[in-house]
Amino acid sequence: MIEILPDKCDFCGCCVGICPEDAIELKEAEINIIEELCTNCSKCIWSCPIEVLKFNRNGVENSSE
Amino acid sequence: MKNHYDVIVVGAGPAGSMAARFAAEKGVSVLMLEKDRDVGYPVRCGEAVSKAGIEEFIPSDSKFIASVIDKFSMNAPDGTEVVLPLEEKGYILERRIFDYELAKSASAAGAEILTRAYVNGLLIEDDIVCGVKFEYRGEQHEIKSKVVIAADGVESRVGRWAGIKTYIDFRDMECCAQYTVSNIKIDPNSLYFYFGEEYAPEGYFWVFPKGDNSANIGLGVSGMTGRKRSAISFLNHFMEKNHPDASILTQIAGGVPCSPTLEKIAAQGIILVGDAARQVNPLSGGGIASGMIGGSIGGRIAGESVKMKKPDHLLSYQKAWNDRLGKRHIVFDKIKNGIYNFSDKKFNSIAHSFSKVPMEKRTLGNLFKTALINNPSLIIDVAKVFVVK
């Protein structure tokens with residue numbers, strides 16, 4: 001499960017632009033992964049310029065809520 | 001706010017504001033929606049642009065120009081510096097002021113603007129886009145329109161909701177991090193570029209002067225590189241090594257889609273402009289001027305299509321864009337693919353060769369010609385898009 005660390009996020013939208021599933025939702029200073037759409041492909045993690053996304057093998061709840 | 005507009009523009013960056021302005025100038029009603037509280041802020045940009053690129057749309061004005069640029073400094077991995085005088089001047093902008101001025105020009109042409117208006121869906125009837133759903137001041141709204149113009153940036157989702165494939169391959173995304181710093185000493189009229197493994201593999205590192213003793217310092221690396229090491233870690237390494245005493249005023253992240261334009265940027269009731277359409281110059285990563293051009297063409301055609309009551313006219317935007325810049329961007333993309341994974345050794349040897357070129361013969365075209373000397377087909381491409389002396 002992919003997790004966004006909201007306190008570190010700059011809300012730049014890089015991950016939204018590369019997400020093939022339209023599974024990331026970005027407002028002004030609010031970002032969420034739409035779990036039903038996410039396939040854990042990890043491309044968002046690779047593209048994040050500031051290491052805000054990480055893969056959590058234990059399936060931790062999306063902490064941005 | 002009315003309950004129907006001829007044209008709704010989503011996003012108030014340079015592309016959105018030009019789309020709104022050029023549509024409004026055709027005499028149709030226009031509403032531009034911006035998700036952030038302020039137009040022009042936060043800035044996610046190195047802020048470099050050519051003088052000609054902005055003067056097509058707005059006269060140069062010192063209030064949004066931080067620095068005037070007359071040369072490039074290209075730096076190879078072994079430290080060899082090649083200076084390239086520019087025939088045409090460039091600027092480092094103050095985007096937060098520049099974007100404001102562009103939005104004001106859209107408003108002066110008759111467009112209405114709402115900020116903090118977050119578009120979260122499209123109205124679609126019989127497969128034709130006919131308006132947007134958005135959140136504004138805590139309430140959900142729906143407004144109908146004849147045309148929706150998606151100018152919602154690299155993070156664009158509006159096009160996807162209309163069934164257009166807009167996501168970008170992570171290899172083509174330049175993942176960027178940038179600090180705006182003060183207390184550094186550099187030539188205030190030069191853009192500095194650094195290439196190679198240490199600072200920015202599969203991309204480049206930049207130092208752009210911003211007024212006195214200040215600069216935008218950042219880099220972009222491909223998602224392929226980002227998979228192994230993030231942009232911010234390259235940035236911190238550069239700062240520790242070269243500018244340990246600089247004060248950081250701002251830090252930002254961002255993505256620059258460096259690919260040819262999307263195959264489809266127009267459909268019934270909707271067009272895409274700017275970063276949302278992937279109209280960035282894929283070689284330089286510059287998207288301000290090309291976004292304004294895309295926005296202006298899109299806005300004009302949207303306005304005409306409403307005025308003439310010919311919805312199909314909207315689809316002519318695709319060809320109009322390709323003729324103006326789209327085809328050029330395909331060539332830029334080929335050149336980019338020819339050079340972006342050069343080895344350090346190769347960058348060094350290019351710099352050594354180019355150092356021998358006399359100053360008056362140093363042009364960007366000649367630099368790329370030197371870089372691609374062993375690749376004749378790409379040299380022809382260079383000649384197509386650059387003036388080669």
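Colleague: How many strands form the open sheet in chain B, and in what order?

Modeller: Eight strands, in the order β3-β5-β4-β11-β12-β13-β10-β14, and the pairing is mixed. The edges are β3 (48–50) and β14 (247–257) of chain B, each pairing on one side only. From one strand to the next, the twist averages 30 degrees. Keep in mind that this is a predicted model.

Colleague: What packs on the sheet?

Modeller: Helix α6 (residues 231–242) of chain B does. This helix touches β10, β11, β12, β13 and β14 of chain B. Its direction makes about 35 degrees with that of β10(B).

Colleague: The pairing is mixed. In which sense do β4(B) and β11(B) pair?

Modeller: In the parallel sense, over five bridges. To place the register, take Lys71(B): its bridge partner in β11(B) is Ser190(B).

Colleague: And in which sense do β11(B) and β12(B) pair?

Modeller: Antiparallel, over four bridges. Here β11 spans residues 190–196 of chain B. Tyr194(B) has Phe205(B) as its bridge partner in β12(B). The two strands form a hairpin, with three residues between them.

Colleague: Which strand do seven bridges join to β12(B)?

Modeller: That is β13 (residues 214–222) of chain B, and the two run antiparallel. Phe205(B) serves as a guide again: its bridge partner in β13(B) is Leu219(B). This pair is a hairpin too, with four residues between the strands. In the turn, Gly211(B) has a positive phi of about 70 degrees.

Colleague: How do I read the side chains along a strand?

Modeller: In a regular strand, they alternate between the two faces of the sheet.

Colleague: Why is strand β12 of chain B described as largely enclosed by the rest of the structure?

Modeller: Because eight of the ten residues of β12 (residues 200–209) are buried.

Colleague: Let's turn to charges. What is the general idea?

Modeller: Side chains of opposite charge can pair when their charged atoms come close. Over all chains, the count here is 30 salt bridges.

Colleague: Which parts of chain B does the pair Glu56(B) and Arg324(B) link?

Modeller: Start with the contact: the closest N and O atoms of Glu56(B) and Arg324(B) are 3.0 Å apart, in a salt bridge. The pair links distant parts of the chain. Glu56(B) is in the loop between α2 (51–55) and β4 (65–75), while Arg324(B) is in helix α8 (residues 316–339). They are 268 residues apart. Both ends are partly exposed: Glu56(B) has a relative accessible area of 41%, and Arg324(B) has 37%.

Colleague: Where does Lys336(B) sit, and what does its pair with Asp172(B) link?

Modeller: Their side chains meet in a salt bridge, 3.8 Å from N to O. Distant parts of the chain are linked again: Lys336(B) is in helix α8, and Asp172(B) is in the loop between α4 (158–161) and β10 (173–182). The separation is 164 residues.

Colleague: Is Lys336(B) buried or exposed?

Modeller: Buried, because its relative accessible area is 5%, and the cut-off is under 20%. Asp172(B) counts as partly exposed, at 24%.

Colleague: Which residues do salt bridges with shared partners join into one network?

Modeller: Asp61(B), Lys63(B), Glu101(B) and Lys104(B).

Colleague: What do the side chains of Arg37(B) and Asp38(B) form?

Modeller: A salt bridge, at 3.3 Å from N to O. Arg37(B) is exposed, at 51% relative accessible area. Asp38(B) is partly exposed, at 25%.

Methods:
Residues are numbered from 1 along each chain as its sequence is written. Chains are lettered from A and ligands numbered from 1 in the order in which they are written. This is a predicted model: local features need pLDDT of at least 70, side-chain atom pairs count only at pLDDT 80 or more; totals for chains, interfaces and linings use all residues. Side-chain values use heavy atoms; hydrogens and water are left out. A salt bridge is a side-chain nitrogen of Lys or Arg within 4 Å of a carboxyl oxygen of Asp or Glu. Buried means under 20% relative accessible area, exposed over 50%, partly exposed in between (1.4 Å probe, protein chains only). Two strands pair if DSSP finds at least two bridges between them. Axes are lines fitted to C-alpha atoms, for helices over the stretch in contact, and angles run from 0 to 180 degrees between N-to-C directions. Contact means heavy atoms within 4.5 Å.
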